[in-house]
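Biologist: Can you pull up the model with its ligands? I'd like to go through what surrounds them.

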Amino acid sequence: MAQTEKPTALIMIFGATGDLAKRKLFPSLYKLFKKEKLDKFAVVGVARRSLSNEEFQLRVKESVKENGETEADIDKFVSKFYYHSHDVTDSSSYLALGKLAEELDSHYGLNGNRIFYMAMAPEFFGTIAEHLKKDKLTDVSGFKRLVIEKPFGHDLESAKVLNKQIRKAFSEDEIYRIDHYLGKEMVQNIEVIRFANAMFEPLWNNRYISNIQVTSSETLGVEERGRYYEKSGALRDMVQNHMLQMVSLLAMEPPIKLTTDEIRSEKVRVFRALRPVKGEEVNEYFVRGQYDQGSMNETDVPAYRQEEMVNPESNTETFVAGKLMIDNFRWAGVPFYIRTGKRMKLSQQRL
Ligand SMILES: NC(=O)C1=CN([C@@H]2O[C@H](COP(=O)(O)OP(=O)(O)OC[C@H]3O[C@@H](n4cnc5c(N)ncnc54)[C@H](OP(=O)(O)O)[C@@H]3O)[C@@H](O)[C@H]2O)C=CC1
Ligand SMILES: O=C1O[C@H](COP(=O)(O)O)[C@@H](O)[C@H](O)[C@H]1O
């Protein structure tokens with residue numbers, strides 16, 4: 001598809017009743033729809049709970065409502081949303097999903113294009129990809145894409161296994177491993193400030209910068225995501241992906257071209273220069289914390305251990321702060337301080 005063409009596709013969201021779908025995916029799709037950046041499309045939401053199409057559409061409607069939106073626009077948008085109740089571990093259910101996909105493809109004239117968005121706990125990513133292939137949902141006449149955010153495995157070994165699983169169903173250029181922080185204006189501005197501004201680049205080094213701080217604090221608690229969060233904690237939920245992406249953009253050398261591959265290579269060089277922290281040094285470099293009960297805007301809020309689907313004795317961290325050192329010529333001696341947490345006093349992302 002040429003960059004200027006408006007996309008036409010069936011979008012399948014796995015985990016369509018969850019937080020990511022509600023807070024990010026539906027509102028983003030609606031913004032594209034309002035700006036007329038989507039051509040023909042339909043959305044199939046997949047999750048276990050039993051919902052009718054109308055109930056699902058109502059949830060989508062609630063998540064996109066903002067001041068000034070017209071009901072008619074929203075109704076037109078949500079009318080393209082369908083719901084398929086399905087446990088992704090149950091093989092028998094994919095055939096029905098495939099049938100629904102074909103019907104919608106032909107009803108809306110979607111040219112056989114399909115986007116599969118994994119808005120579910122990471123342990124399901126590989127299973128879903130394998131089923132999509134086995135049950136022929138990836139046998140399409142148009143393009144197919146798999147979108148995954150994170151966590152991508154929980155260590156190197158599991159990331160490799162996951163890669164193998166998804167590569168059986170999708171080729172490398174069909175897989176979009178994304179990080180939504182890279183779409184934030186503040187993060188996109190890093191490149192502009194650094195590389196399109198002759199004033200800053202000469203100062204961007206250890207001679208003029210004493211330390212760099214990257215903060216992402218949220219006032220939200222874990223909400224209804226206890227099951228997922230218990231296995232992830234702040235370290236895997238925020239640090240290993242978003243925080244390190246920001247550190248790499250701040251620290252990388254100017255790429256020879258502003259292309260995906262060149263930028264990635266420069267980021268990888270930053271990670272190679274990251275000083276490993278030995279087991280016995282962890283306490284010197286990192287602190288972890290967990291939120292207790294308290295009040296936010298005069299409303300009582302529970303402790304992490306009292307949240308739904310959280311072990312009452314959980315030691316999962318909801319706050320992490322740490323110091324990273326990048327041992328290269330540019331950054332020798334400059335600490336990068338990162339901090340992120342839930343149920344903090346302020347919601348802010350700061351560099
Ligand atoms: N929330 C966020 O801001 C962000 C989240 N992410 C990533 O997105 C993914 C999802 O996160 P999030 O939305 O927060 O998680 P949630 O726990 O809020 O949602 C999980 C979803 O998966 C569904 N689900 C769970 N088990 C099954 C199953 N066996 N079969 C079918 N559906 C199932 C749930 O619905 P039901 O119970 O009805 O089955 C629900 O819709 C995670 O990998 C997370 O890291 C990435 C960036 C931001
Ligand atoms: O990836 C995630 O990000 C959100 C925070 O993103 P933001 O765009 O709302 O700042 C976080 O709440 C969630 O736990 C995590 O999975």
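Modeller: This is a predicted model, and we can take the two ligand sites in turn.

Biologist: Start with ligand 1. How many residues surround it, and which are the closest?

Modeller: The shell around ligand 1 has 24 residues, and the closest are Thr17, Asp19, Arg49, Lys150 and Arg225.

Biologist: What sort of residues are they by class?

Modeller: Eleven are nonpolar, five polar and eight charged.

Biologist: Which helix gives the largest share of that shell?

Modeller: That is helix H1, residues 19–34, with three residues.

Biologist: And where is Thr17 found?

Modeller: Thr17 is in the loop between strand S1 (9–14) and H1. Its side chain has a polar atom 2.6 Å from an oxygen atom of ligand 1.

Biologist: Which other side chains have a polar atom by an oxygen of ligand 1?

Modeller: Among them are Arg48, with an N or O side-chain atom at 2.7 Å from a ligand oxygen, and Tyr228, where the distance is 3.0 Å. As for burial, ligand 1 taken alone exposes 880 Å², and the protein buries 91% of that.

Biologist: What does UniProt place around here?

Modeller: An unreviewed UniProt entry gives the feature "binding site" at Gly15, Ala16, Thr17, Gly18, Asp19, Leu20, Ala21, Lys22, Arg48, Asp87, Val88 and Lys150. From this set, Asp19 is part of the lining of the largest cavity.

Biologist: Which pocket does ligand 1 take up, then?

Modeller: The space taken by ligand 1 is the second largest pocket.

Biologist: Now ligand 2. Which residues come nearest?

Modeller: Of the 13 residues around ligand 2, the nearest are Lys150, Lys184, Glu218, Asp237 and His242. Lys150 is also listed among the closest residues to ligand 1.

Biologist: What are the polar distances for Lys150, Glu218 and Asp237?

Modeller: An N or O atom in the Lys150 side chain is 2.5 Å from an oxygen atom of ligand 2. For Glu218, a polar side-chain atom is 2.5 Å from a ligand 2 oxygen, and for Asp237 the value is 2.6 Å. On its own, ligand 2 has 390 Å² of accessible area, of which the protein covers 91%.

Biologist: Which pocket is ligand 2 in?

Modeller: The space taken by ligand 2 is the second largest pocket. H1 and helix H8 (226–251) are the elements that give two or more residues to its shell.

Biologist: Which element gives the most?

Modeller: H8, with three residues.

Biologist: And the classes?

Modeller: The ligand 2 shell has two nonpolar, three polar and eight charged residues.

Terms used
Residues numbered from 1 in each chain as written. Chains lettered and ligands numbered in written order. Predicted model: local features only at pLDDT ≥ 70, side-chain atom pairs only at ≥ 80, totals over all residues. Heavy atoms only, no water. Near = heavy atom within 4 Å. Polar contact = N/O pair within 3.5 Å; in protein donor to acceptor, adjacent residues only side chain to side chain. Areas by Shrake-Rupley, 256 points an atom, 1.4 Å probe, with all protein chains shown as cover. 1 Å grid on protein atoms, 1.4 Å probe; cavity = no way out; pocket = protein on both sides within 12 Å on 5 of 7 lines; lining within 4 Å. Sits in = over half its atoms within 2 Å of the grid points. Helix = DSSP H or I, 4+ residues; strand = E, 2+ residues; numbered from the N terminus. Nonpolar A, V, L, I, M, F, W, Y, C, P; charged D, E, K, R; others polar. UniProt positions renumbered as here; feature names shortened; annotations may be inferred.
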